[in-house]
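Me: Please take a close look at the packing of side chains in this structure, with the nonpolar core as the main subject. I would like one connected account that starts from the aromatic rings and then places the core in its surroundings.

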Amino acid sequence: MNDNDLNDLFRQIGKTVQDIASPENIAELKKSIDETVRDVKDAVKQSAAANRAASPAPPPLRPQAAPAAPPRPAKAAAVPSAPPKTEEKTLAIPPNRVPGHAAGPLLTVAGAGGILFSAAAIGHLLISSASLAITAELITYAALMALSAFAAAHGTALRLRVRRYRTYLHEISGAAFCSIRTLASSAGKTAGYVLRDIKKMIRRGYFPQGHLDEQGTCLMLDDKTFKQYQELMTRAKEKEAYEKERQEQLRSNPELESVIREGKQCLGQIREANEAIPGEEISRKLSRLESVTEKIFEYVAQHPEKLPEIRRFMSYYLPTTLKLVNAYRKFDAQPVQGENILSSKREIEDTLDTINLAFENLFDGLFEDDAMDVSTDISVLETMLRQEGLTGSDFKRS
């Protein structure tokens, strides 16, 4: 071993010892040891109290014989006022029982002691040796130092994990779920770091019923919440699949796509006119017109086979209605309104009632085939029940 290697070894030993003996690490280690000792004392006290409660009470001293008293009627057995409460499933393990709570400080102390001991032994060997040769004893102490450094690093990692777990529990505060971003903010870490941290904690049993959403943005602490989330995601996927299929139908049917696009433009014109006209009565009629028109287009979009039934609606009824609505808007915007304007406005208002009724009848007529199918099913079912003798006076209970 040359002088440069010897100097490098001493510098590494000095840096390791300095890191272990820094005031921050010592204070942090002391805090973790104090917490561990306090938790162990509490656990011992609880165990002793449980043992005392479970042990049978000593029998009472038997009093001296007394004159026999007349027998009393036996009392009825006491009925508990309420059933015993069942223990709920634990959503999060207490911090003093999670893996690493006790092992972390112990490994850190053992590792620090091993580093100091091996460093002192290596220094003594190097100083006392005249040849500075690498001996088996030197290799043994070097291996002990490496193993001690690993133990100290692992213990520190365990202690920091338990500390973060305490922070997570404080932020969750008994809630059924919490966002990863919120936990990251409380712990002073990035969302990606906390996500990986939570995954490890779930695998190690810190959260017995813990689950993460598909995007890794939310921690759910119980199975009930996770089941509700799964049901919601299932409905969302079904809705997305339906919308995708509908869009494919629109792209494969140019006529339907054109009708839906034109329908949206007409609805926009009705909505704009309604917002521009201040009258309450006309506004109510225009809202009714917008609602029934929108329902017609929604139904046709879902049932493209109904397109032939609204061709006259698209080619004449709706354009003429929009013409009347825009005329009313123009009349209503005039600063001076004479008898002709007022008469035209009243006539348009009355006509809108007729138009709304006609459009509602048109919308109802789109369900004619569905209604016929329902009637047919009911008729067939009643016939079969009657043939089997399951209706009327012929029906007998088995």
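Reply: Rings of Phe, Tyr and Trp, the last through its six-membered ring, are taken as a pair if their centres lie within 6.5 Å; planes over 60 degrees apart make the pair edge-to-face. The model discussed here is predicted. Searching the whole structure on this basis gives 10 aromatic pairs. One of them joins F363 and F367: the ring centres are 5.2 Å apart and the planes stand at 80°, so this pair is edge-to-face. F367 itself is partly exposed, because its relative accessible area is 32%. Elsewhere, Y165, Y206 and F207 belong to one aromatic cluster. A ring also takes part in a contact of another kind, since the charged end of K189 sits over the ring of Y193, 5.0 Å from the ring centre.

As background to the core, the protein chain contains 12 helices and three strands. It has 398 residues, of which 29% are buried. Among contacts with a separation of 6 or more, 67% are between residues 24 or more positions apart.

The largest nonpolar core has 30 residues, and the members that touch the most others are L289, I310, F313, L352 and F359. At least two residues of this core come from each of α8 (254-276), α9, α10 (311-332) and α11 (339-365). The most, nine residues, are given by α9. Apart from this core there is a second, separate one of 19 residues, which includes V162, V194, M201 and F207. F207 is thus a member of the second core and also of the aromatic cluster with Y165 and Y206.

Helix α9 merits a closer view. It covers residues 280-302, and its 23 residues should span 33 Å at 1.5 Å a residue; the end C-alpha atoms are 33 Å apart, so the two values agree. Its buried residues are I282, K285, L286, L289, E290, V292, T293, I296, F297, Y299, V300 and A301. In an α-helix there are 3.6 residues a turn, so residues three or four places apart point the same way. Leaving out residues up to four places away in sequence, L352 touches I282, K285, L286 and L289, together with V325.

Two charged residues fill in the surroundings of α9. R271 lies in helix α8 and counts as partly exposed, because its relative accessibility is 34%. The C-alpha atoms of R271 and E290 are 7.1 Å apart, although 19 residues separate the two along the chain. K306 is found in the loop between α9 and α10. At 4% relative accessibility, K306 counts as buried, because the limit is 20%. Beyond its neighbours within four places in sequence, K306 contacts Y299 and V300, as well as L366 and D369.

The strands complete the account. They form an open antiparallel sheet in the order β1-β3-β2. The edge strands are β1 (177-179) and β2 (211-212); each has a single partner strand, so one side of each lacks a neighbour in the sheet. Two bridges pair β2 with β3 (residues 218-220) in the antiparallel sense, and H211 stands opposite M220 in β3.

Key. Residues numbered from 1 in each chain as written. Predicted model: local features only at pLDDT ≥ 70, side-chain atom pairs only at ≥ 80, totals over all residues. Heavy atoms only, no water. Phe/Tyr/Trp six-rings, centres within 6.5 Å; stacked < 30°, edge-to-face > 60°. Buried < 20%, exposed > 50% of the residue type's maximum accessible area, 1.4 Å probe, protein only. Lys NZ or Arg CZ within 6 Å of the ring centre and 35° of its normal. Helix = DSSP H or I, 4+ residues; strand = E, 2+ residues; numbered from the N terminus. Expected span 1.5 Å × (residues − 1). Core = buried A, V, L, I, M, F, W, Y, C linked by side-chain atoms within 4.5 Å. Contact = heavy atoms within 4.5 Å. Pairing = 2+ DSSP bridges.
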